[in-house]
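Got your viewer open and a hand on the mouse? Let's take a walk through this one together, one selection at a time.

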Amino acid sequence: MFNLHFDLESRPEFHHAYPCPDDACRGKLAVPPEWPAHRQLAHPGHYEELFQRLLAAAGAAGPAAELERRALLLEILALLYADAHAAPRSGSGGLHALRRALERIRREPARHATLDDLAKSVGVSRSLLAALCRRETGLSVQQHIRRERINKARYLLIFSELPLKEIAEACGFSDVHHFSRIFKELTGATPGAFRNRHTELDEQTKN
């Protein structure tokens, strides 16, 4: 059994191993000695996106929802494995700039940020930031912006009663039509259908 703990913010007082809560679990699967008790994740925004998707799928019922949850957990474990076995890369300054740019997108997805704007804010060239983003994440800067805007929209659709027009504006979309098109493209459902599904699931759990 592996006991994994994630912090959105790195704090030195938490840099220690978490004990297995049940003595019956001990010794069944040894953690490799080369694995540190604490590790800084290479792409925290990617992990956060997966956990948000897992949270959104947590209340769904049926075999399809169960498969989605298992798939997300496997994706998280695969990402952890890749981080743990990644070879050191040169150009750490560029990678640090990329992390800062992705963090800015995550914190302010509604801002009309462009590649030029982001590159200037983190002190690297436009071409370098674009190349690093594509190489390290497999996505373009614009794809990250759209993904984070949709993540915020999913959260607002589930946990607020704001109308779609206000959610679209809060997430940086010019109008509801554009918002609905991108939302369906990335999630497979319209914003209204997504909200209705989670509203129905919430009512079922209450009953």
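## Stop 1: two helices that cross

Start by selecting helix 5 (residues 126-137) and helix 6 (residues 141-159): their axes come within 9 Å and cross at roughly 65°. Now show the side chains where they touch. From helix 5, pick Leu-129, Cys-133, Arg-134 and Thr-137; from helix 6, pick Val-141, Gln-143 and His-144. Colour them by class and you should get 3 nonpolar, 3 polar and 1 charged residues in this contact.

Keep in mind as you go that you're looking at a predicted model.

While you're here, click on Cys-133. Is Cys-133 buried or exposed? With 0% relative accessibility it falls under the 20% cut-off, so Cys-133 counts as buried. Then jump to Cys-171, which is also buried, at 0% relative accessibility. Hunting for disulfides? A search of the whole structure turns up 0 of them.

## Stop 2: zoom out

Switch to a cartoon view for a moment. You'll find 9 helices and 0 strands, so the pattern along the sequence is just α-α-α-α-α-α-α-α-α. The protein has 207 residues, and 31% of them count as buried. Take the contacts whose partners have a separation of 6 or more: 58% of these join residues 24 or more positions apart.

## Stop 3: the cores

Nonpolar side chains tend to be buried together in soluble globular proteins. Where does that show up here? Select Leu-98, Ile-105, Leu-129 and Val-141: out of the 16 residues in the largest nonpolar core, these touch the most other members. Helix 3 (92-107), helix 4 (115-122), helix 5 and helix 6 each give two or more residues to this core. Which helix gives the largest share? That's helix 3, with 6 residues.

Now stay on Leu-129, which you already met where helix 5 touches helix 6. Skip its neighbours within four places in sequence, and Leu-129 is in contact with Leu-98, Ala-101, Leu-115, Leu-118, Ala-119, Val-124 and Val-141.

There's also a second, separate core, made of 13 residues; among them are Ala-153, Leu-156, Phe-173 and Phe-179. Keep Phe-179 selected, as you'll want it at the next stop.

## Stop 4: rings

How many aromatic pairs does the structure hold? It holds 4. Try Tyr-155 and Phe-159 for one of them: this pair is tilted, at 4.8 Å centre to centre with 45° between the planes. Both rings belong to helix 6, where Tyr-155 and Phe-159 sit 4 residues apart, about one turn of the helix.

Next, add Phe-183 to Phe-179. These two make an edge-to-face pair, 5.8 Å centre to centre and 70° between the planes. They are about one helical turn apart, because 4 residues separate them in helix 8 (residues 176-187). Phe-179 is buried, with a relative accessible area of 0%, and Phe-183 is buried too, at 0% relative accessibility. Add Phe-173 and Phe-194, and you have one aromatic cluster together with Phe-179 and Phe-183.

## Stop 5: a loop next door in sequence

Follow the chain out of helix 8 to Thr-190, in the loop between helix 8 and helix 9 (191-206). Its relative accessibility is 33%, so Thr-190 counts as partly exposed. Leaving aside its neighbours within four places in sequence, Thr-190 is in contact with Phe-183 and Lys-184. Draw a distance line from the C-alpha of Thr-190 to that of Phe-179: the separation is 9.2 Å, for two residues 11 residues apart along the chain.

## Stop 6: two last clicks

Go back to helix 3 and pick Arg-104. Is Arg-104 buried or exposed? It's a charged residue, yet Arg-104 counts as buried, at 15% relative accessibility. Beyond its neighbours within four places in sequence, Arg-104 is in contact with Arg-111, Asp-117, Leu-118 and Ser-121. Its C-alpha lies 9.8 Å from that of Ile-145, 41 residues apart along the chain.

Finish at Gln-52, in helix 1 (residues 44-57). Gln-52 is partly exposed, with 30% relative accessibility. Now select Asn-151 as well: the two are 99 residues apart along the chain, and their C-alpha atoms are separated by 7.5 Å.

Note on methods:
Residues are numbered from 1 along each chain as its sequence is written. This is a predicted model: local features need pLDDT of at least 70, side-chain atom pairs count only at pLDDT 80 or more; totals for chains, interfaces and linings use all residues. Side-chain values use heavy atoms; hydrogens and water are left out. A disulfide is a pair of cysteine sulfur atoms within 2.5 Å. Buried means under 20% relative accessible area, exposed over 50%, partly exposed in between (1.4 Å probe, protein chains only). Axes are lines fitted to C-alpha atoms, for helices over the stretch in contact, and angles run from 0 to 180 degrees between N-to-C directions. Contact means heavy atoms within 4.5 Å. A nonpolar core is a set of buried Ala, Val, Leu, Ile, Met, Phe, Trp, Tyr and Cys residues joined through side-chain atoms within 4.5 Å. Rings of Phe, Tyr and Trp (its six-membered ring) pair if their centres lie within 6.5 Å; planes under 30 degrees apart count as stacked, over 60 as edge-to-face and the rest as tilted.
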